[in-house]
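Me: I keep meeting words like "oblique" and "irregular" in structure descriptions. Could you walk me through how they are decided?

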Amino acid sequence: MTPTLIAGAVLLALLSSAGAQTAPKPAEPATVRANADFGATLPWADKQSFEDARRGFIAGIPGNVIAGTGPAPAWNMAAYDFLSGDAPPTVNPSLWRQAQLNAISGLFKVTDGMYQLRGLDLANMTIVEGKTGLIVIDPLLTAETSRAGLELYYQHRPKRPVVAVIYSHGHADHFGGVKGVTSDEEVAAGKVRIYAPDGFMETAIAENIIAGNAMSRRAAYQFGALLPPGSMGHVDTGLGKALSRGALTLIPPTDVITAKAPEQVIDGVPIEFILAPGSEAPAEMMMYFPQQRVLDTAEVTTQHMHNVYTIRGAEVRDANKWSGYISDVRERYAAKADTLIMSHHWPVYGTAGVDHFLVVQRDLYKFMHDQTVRLLNEGWTPGDIAETLKLPASLEKEWTAHGYYGTLSHNTRAIYQKYLGWYDANPAHLNPLPQSEEAKKQIEYMGGIDAVLAKARADYAKGEYRWVASVMSQAVFADPTNQAARQLAADALEQLGYQAEAGTWRGAYLSGAQELRRGVPKLPPPSTLNADTLKAVNLELFFDFLGVRLNAAKAEGKRLVLNWNFTDTKQQFTMNLENSALTWVEGRLAAKPDAGLTLTRDALNQFLLGRAKLPELMQQGLVKPEGDVRKFGELFAMFDNFTPDFPIVEPLKK
Ligand SMILES: [Zn+2]
């Protein structure tokens, strides 16, 4: 998700690192011990995943690199060649194993007539051979990688045209590469049909708009996108190797799959669609292929514990409902499936294996949901639940229950949040001092920064990294210019990163450490919006987004009524600015507005993409003003422009 921001940022981060005394440090003895102890708890005898991940391998991409449009490659699996042998002390051995599995890449035969491209992007692309051509399921994140995947397929299979694309769900890693396998023209000409679950367009991009800037910034932490690959840097996201860097594209679906007509024949291939809205994504569907006896569970299941809450920031997902979908699909299809494929990770082979896998995934989400809710009903707080709840031994011994992306810790906090929100009901936490003020008081009460640093160094030497990270964060928030505090805070986060089993936690810890040492990187604004993705932004969402950009101080005391009249979509909006709040009503125009615009959606899009300025569009007659059109300029001057370079591990400069 929100991956397009990351391309330029990586270059900037790498450039700024040259020569500075900011290099990562080795694993401390306590980390070496912790990783060895953790490794001793893992079910190493179960090597099935490596067999499954390699099964059906045909060929890889030459050099394991996919070129991009600029100097940086779109995809570089060769940068992960270091992932061989046993885990170094700077990587949790469980994550190291997952990172090795996610590095097994190329074209794989799943069964007759069904192939997968894996390890060419964060997600998988599946190709089903139909009667006249190819059905592509989930065309990756960027056009560069999906194109390279299709070319790899063509080198080993007959070159038949793509006749259908299926988006399993509305996350960009499953549709963004669509223009690498087909084009607007082919779809418009009816040569290619595009299938998506009910609600796809409404939700595909919406999640990345309203809070998109903050999510982009935080996503770089979660994915470790600014960390160089290496045993002291980025090793894996857990869900897949990394995000590709290229063109995010979107072609709207021609066919929407609803629960009313779940059985379809696409290019001669019967497919039973199983809708799972509100599982891992708001609009998502699984698929069963009766001829091939293959069940595709999309991203509803994965070879790990997924996120009930994704730490890049997003709404909490419903773990109970999620488990229910897995339970249902197991009841209906497990006995009929020889193979289970997914939108990420490697397949599960054999009916018994499929059934067992689905049981583990079903119970994983149900367990964490029910036990969290049990404990919260008994008065436990989020931190206590996160610390105490452990998986039952029968799940713990399953690799597929391990938290490489979600963790039991942050997922239980999310389940608490879903039902009870951020507040733990202790009134001392209802209105505490702001973070920096609280931190200054804390450090003062503890005897001043020098005393705190001395104690924290002693605890660091003992390996108490969680505490040192916490108290040094207080020290940095009390005084972000204190270099000793920043260094020790970074060191503690780094050791936590080296110990983390989850790729997401490692990414967050090491990104935090990097920023404490180097400062906040200058990041370009997120480029989630482009000519393609803008199609998925309806006018309601557009006006809502304008509302969240309104700077209340600049709007103080201002009153505006503006009409928007869209001639092509036949939509009319009255926008009202009053009390520093921007509201709108659809379906009518104000009789006496301060100003109004009559325009097409396309003209608005050109303006939003920065391809044309408002006066130019007016000159061309594409936008017709009414009243005092300067009022629009007045309004637009009140909008903030978001940039993803705000501080995270140190105080915001207000
Ligand atoms: Zn995905």
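Reply: Happy to; what follows is a set of questions and answers about this model, which is a predicted one.

Me: Let's start with the metal. What makes certain residues the protein donors of the zinc ion?

Reply: Donors are N, O and S atoms within 2.8 Å of the metal. Asp173 (OD), His174 (NE2), Glu299 (OE) and His344 (NE2) lie 2.0 to 2.1 Å from the zinc ion, and these are its protein donors. Along the chain they follow the spacing D-H-x124-E-x44-H. Asp173 sits in the loop between strand E8 (162–166) and helix H6 (184–188), while His344 is in the loop between strand E15 (339–341) and strand E16 (348–349). These two are 171 residues apart, so the pair links distant parts of the chain.

Me: Why is the site of the zinc ion called irregular?

Reply: Look at the angles among its four donor atoms, which run from 86 to 175°. Four donors count as tetrahedral if all angles lie between 85 and 135 degrees, so an angle of 175° rules that label out. The site of the zinc ion is classed as irregular.

Me: Now the helices. How do you know whether H14 and H16 are parallel or perpendicular?

Reply: The axes of H14 (residues 435–445) and H16 (residues 465–478) come within 8 Å and cross at roughly 110°. Angles from 65 to 115 degrees count as roughly perpendicular, and H14 and H16 are therefore roughly perpendicular to each other. Their crossing is left-handed. Among the residues making the contact are Gln435, Ala439 and Ile443 of H14 and Val471, Gln474 and Phe477 of H16. By class, this contact has six nonpolar, four polar and one charged.

Me: And what makes H10 oblique to H13?

Reply: Helix H10 (residues 351–377) and helix H13 (residues 408–420) have axes that come within 9 Å and cross at roughly 60°. Roughly parallel needs an angle under 35 degrees and roughly perpendicular needs 65 to 115. The angle makes H10 oblique to H13. H10 passes H13 in a right-handed crossing. Residues that meet there include Met368 and Leu376 in H10, and Ile415 and Tyr419 in H13. The contact of H10 with H13 has eight nonpolar, four polar and no charged residues.

Me: Which residues does H16 use in its contact with H17?

Reply: H16 packs against helix H17 (residues 483–499) at an angle of about 145°, with axes 8 Å apart. The crossing is left-handed. From H16, the contact includes Tyr465, Val468 and Met472, and from H17 it includes Leu488, Ala492 and Leu496. The residues divide into twelve nonpolar, two polar and two charged.

Methods: Residues numbered from 1 in each chain as written. Predicted model: local features only at pLDDT ≥ 70, side-chain atom pairs only at ≥ 80, totals over all residues. Heavy atoms only, no water. Axes fitted to C-alpha atoms, helices over the stretch in contact; angles between N-to-C directions. Helix = DSSP H or I, 4+ residues; strand = E, 2+ residues; numbered from the N terminus. Parallel < 35°, antiparallel > 145°, perpendicular 65-115°, else oblique. Left-handed = near helix turned anticlockwise from the far one by under 90°. Contact = heavy atoms within 4.5 Å. Nonpolar A, V, L, I, M, F, W, Y, C, P; charged D, E, K, R; others polar. Donors = N, O, S within 2.8 Å, 3.2 Å for Na, K, Ca; no water. Tetrahedral: all angles 85-135°; square planar, octahedral: opposite > 155°, others 65-115°.
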